[in-house]
Amino acid sequence: MRLNSIVPDFKADSTKGPIEFYDWQGDSWVLLFSHPSDFTPVCTTELGRIAVNATQFVKRNTKCLAHSVDDTQSHINWVNDIKSYCADIRGEFPFPILADPNRQLAITLGMIDEEKREDIESAKTVRALFIISPDHRVRLSMFYPMTTGRNVNEILRCIDSLQLTDRLKTVATPANWMPGSKVMILPSVTDEEAAKLFPKGFDKTSMPSGGNYVRTTENY
């Protein structure tokens, strides 16, 4: 799935019953992420840490939706292990895990490892991750190999950046940006427009090229 492409509607079974994606999403953002297999160590830590941070996703109007090619009963059984390993998960496991034993969704969203495409019946998904906006568009994607677990803080940071820049439309977030720190004013915004948009001020950095395209502000 390319950025800004529309995720097609789909139906799938899950640990919380059948899901029709568009109806389930509603007007929320979605974090849709795949893992290679149930009952494996890195996947256990990933789903566990996302579950521990469930309230952080709720604050961002973001629903989490996990996926693998295992069946529903496998997911249900595995959840007990995740909750045992991540003892700070409170109450019911907070998000559904999609079952995709025929690999239909994995193929549609391009989540199968290229090396395994010829053996589709036994293929596992990579650690694919999509942040999907309420209009069903892929706004960000990340693909990790099976050997590298994902960073939940980075996922939350990306959601914050996407939602902020959607709201303001005249800024972008720089490298290592965190909520509350300086943002960059887009080059398409003139200094006069920037002064009106950010009346508390912004900073300009002169570059050796003579360009003044680096403009930052904390007043947003």
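1. Strand 8 and strand 9 (residues 183-185) run antiparallel and are joined by two bridges. Strands here are DSSP runs of E with at least two residues, helices are runs of H or I with at least four residues, and both are numbered from the N terminus. Two strands count as paired if DSSP finds at least two bridges between them. Within this pairing, Val171 has Ile185 of strand 9 as its bridge partner.

2. The basis of these remarks should be stated at this point. The model is predicted, so local features need pLDDT of at least 70 and side-chain atom pairs count only at pLDDT 80 or more, while totals for chains, interfaces and linings use all residues. Residues are numbered from 1 along each chain as its sequence is written, and side-chain values use heavy atoms, with hydrogens and water left out.

3. Strands 8 and 9 belong to an open sheet of four strands, in the order 8-9-11-10 and with antiparallel pairing. Strand 8 (171-172) and strand 10 (203-205) are the edge strands; each has a single partner strand, so one side of each lacks a neighbour in the sheet.

4. The loop between strand 8 and strand 9 contains Asn176. This residue is not a glycine, yet its phi is positive, at about 65 degrees. Asn176 is exposed, with 71% relative accessibility; on this scale, buried means under 20% relative accessible area, exposed means over 50%, and partly exposed lies in between (1.4 Å probe, protein chains only).

5. A second non-glycine residue to inspect is Asn61, whose phi is positive at about 55 degrees. Asn61 is placed in the loop between helix 3 (54-59) and strand 4. Its relative accessible area is 36%, and Asn61 is therefore partly exposed.

6. Another open sheet has five strands in the order 5-4-3-6-7, with mixed pairing. At its edges stand strand 5 (97-99) and strand 7 (138-144), each with a single partner strand, so that one side of each is left without a neighbour in the sheet. On average, neighbouring strands of this sheet are turned by 20 degrees against each other, direction ignored.

7. In the five-strand sheet, strand 6 (residues 127-132) pairs with strand 7 in the antiparallel sense over six bridges. Leu129 has Met142 in strand 7 as its bridge partner.

8. Helix 6 (residues 152-168) lies across strand 3 (29-34), strand 4 (62-68), strand 6 and strand 7, and runs at about 160 degrees to strand 7. Axes are lines fitted to C-alpha atoms, for helices over the stretch in contact, and angles run from 0 to 180 degrees between N-to-C directions; contact means heavy atoms within 4.5 Å.
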